[in-house]
Amino acid sequence: MQPKLTAKARCTDKEIGRISKVIVDPLSHEISHVVIQVNHGQAQERKVPIGEIQEVVSEEEVILKCSSDEFEQFPGIDRDRYVTLKEVEIAHLEEHLAVEPGEILVPLPMLERGMPRRTFFANMTHAVGAMIALPIAYPVLKYLMKPMYRTFDNSWFNIGNVQKIKKENIGVQFKFTRGVKEAFMPEEKVTKNVWVVKTTPQVLDKVYGKKEKKFEDSAGKVIWMNKPNVPYVAYSGKCPHLGCGYKWRRVKKYPDGVFLCPCHLSVYDEAGIVLDGPAPRRLDILPMQLTASGDVKIIDVVYKAGVKEEIRLL
Ligand code: FES
C-alpha cells in the first residue's frame, strides 16, 4: 500500500490535511519536507520535515509523529522561493529518487534572496532522519507524482509598448501576469518578467544570424517565426542556468551594460550571448510580435534550465 500525492495527513489526534507537494534537497538529492495543505486553513500550507512522518498507513493516508497543536508550529511555505523540476534540471535527481517529475519543489538559490554565495542552498539541507525516512519517502514520492503531459500554451500575452524603450542595445524589463496551474492545485496568478532589447542591425545579426527563428508546438509543428528584420528581441526572464531572475546591470567590466544573473554570476550581452559564468546556453528568445501601435506580444515559452539545448517544457 502506497500513498498518493493527495494522501490525507493525520496527526496523533486528528486529520489535519493532505500532502500537496514534496521538497527535495538539490545537493543531497534527498527529500527534506512534505508540504501539507491544511484542511480548513484558507489554502494554508505547512512545511513538515520528512522525519515527522511516522507511518504510511495506506495509499490514502500518512500519520505524523506530532499532535495537531504541534503541527501548527511548522512554518508555512513561501512558494516564490521554490522552483519545480519542470523548471530546473538537477542532474540525476529523478533517477536517484526513482520517480517521475511532478510537484517536486527545489529551493531557489539563496543569492536570489541576497545571501552570501557560499551559503547557496546550505540551509536547505534537512537530512534529519534521512536514513530512516528514505524507505518511507521512496514509495511516497513514487506514487505522489504523476507525469504532467500537457500540450504547450501558445497564447499570446500583451506585455507593454515599445515606447517604453528609449535606447538601443539595452535591456528593458516588461512584466505581465498570467494564470499558472500546477498539478493538483488550483490556478494561481503569477507575474513574470520579460526583457526586451531594441537592437541595432549589428546586434540583431548576432541574435538571429539573418535567419528566422522558429517556434514549435508539442507536436513539432511550427507555430511562429521571429523575423530577423524586426529590431526588437524579447528574452524569457529566467536564466537558462538554473532559472533565477536576472537583471540588466552596468558593471565595471561592462560599462555599457549586460544581463547579470546574481545566482551564479552568468553574464550575457544584449544579444543574449553568454559572456561569462556557468550558463549552458544563450538567453531564451521568446516568440514575439509587434502590433501597429507598438504593443509587444509574446508567447510564454519555457525551456528546461541547465541544459545546452532548448527543450520546451511549457
Ligand atoms: S541561475 Fe545560475 S547563473 Fe543564473
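Of the chain's 314 residues, 32% count as buried, meaning that 20 or more other C-beta atoms, placed from the backbone, lie within 10 Å of the residue's own (exposed: 12 or fewer; partly exposed: in between). This is a predicted model, in which local features need pLDDT of at least 70 and side-chain atom pairs count only at pLDDT 80 or more, while totals for chains, interfaces and linings use all residues. Residues are numbered from 1 along each chain as its sequence is written.

The mean pLDDT (the predictor's confidence in each residue, from 0 to 100) is 81, and 74% of residues reach 70 or more. Over residues 110-131 pLDDT stays under 50. Where pLDDT is low, the predicted coordinates should not be read in detail.

The chain has 4 helices and 20 strands, taken as DSSP runs (helices H or I, at least four residues; strands E, at least two) numbered from the N terminus.

Two nonpolar cores are listed below; such a core is a set of buried Ala, Val, Leu, Ile, Met, Phe, Trp, Tyr and Cys residues joined through C-beta atoms within 7 Å.

| Core | Size | Residues include |
|---|---|---|
| Largest | 32 residues | Val194, Ala234, Tyr235, Leu286 |
| Second, separate | 22 residues | Ile16, Ile23, Val24, Ile36 |

Strand S11 (188-198) supplies at least two residues of the largest core, as does helix H4 (201-208). The largest share of that core, 4 residues, comes from S11.

Lys164 sits in the loop between strand S9 (156-161) and strand S10 (171-180). Lys164 counts as partly exposed because it has 14 C-beta neighbours inside 10 Å. From Lys164 to Phe174 the C-alpha to C-alpha separation is 9.1 Å, with their positions 10 residues apart in sequence numbering.

Definitions and conventions
Two residues are in contact if their C-beta atoms, placed from the backbone, lie within 7 Å.
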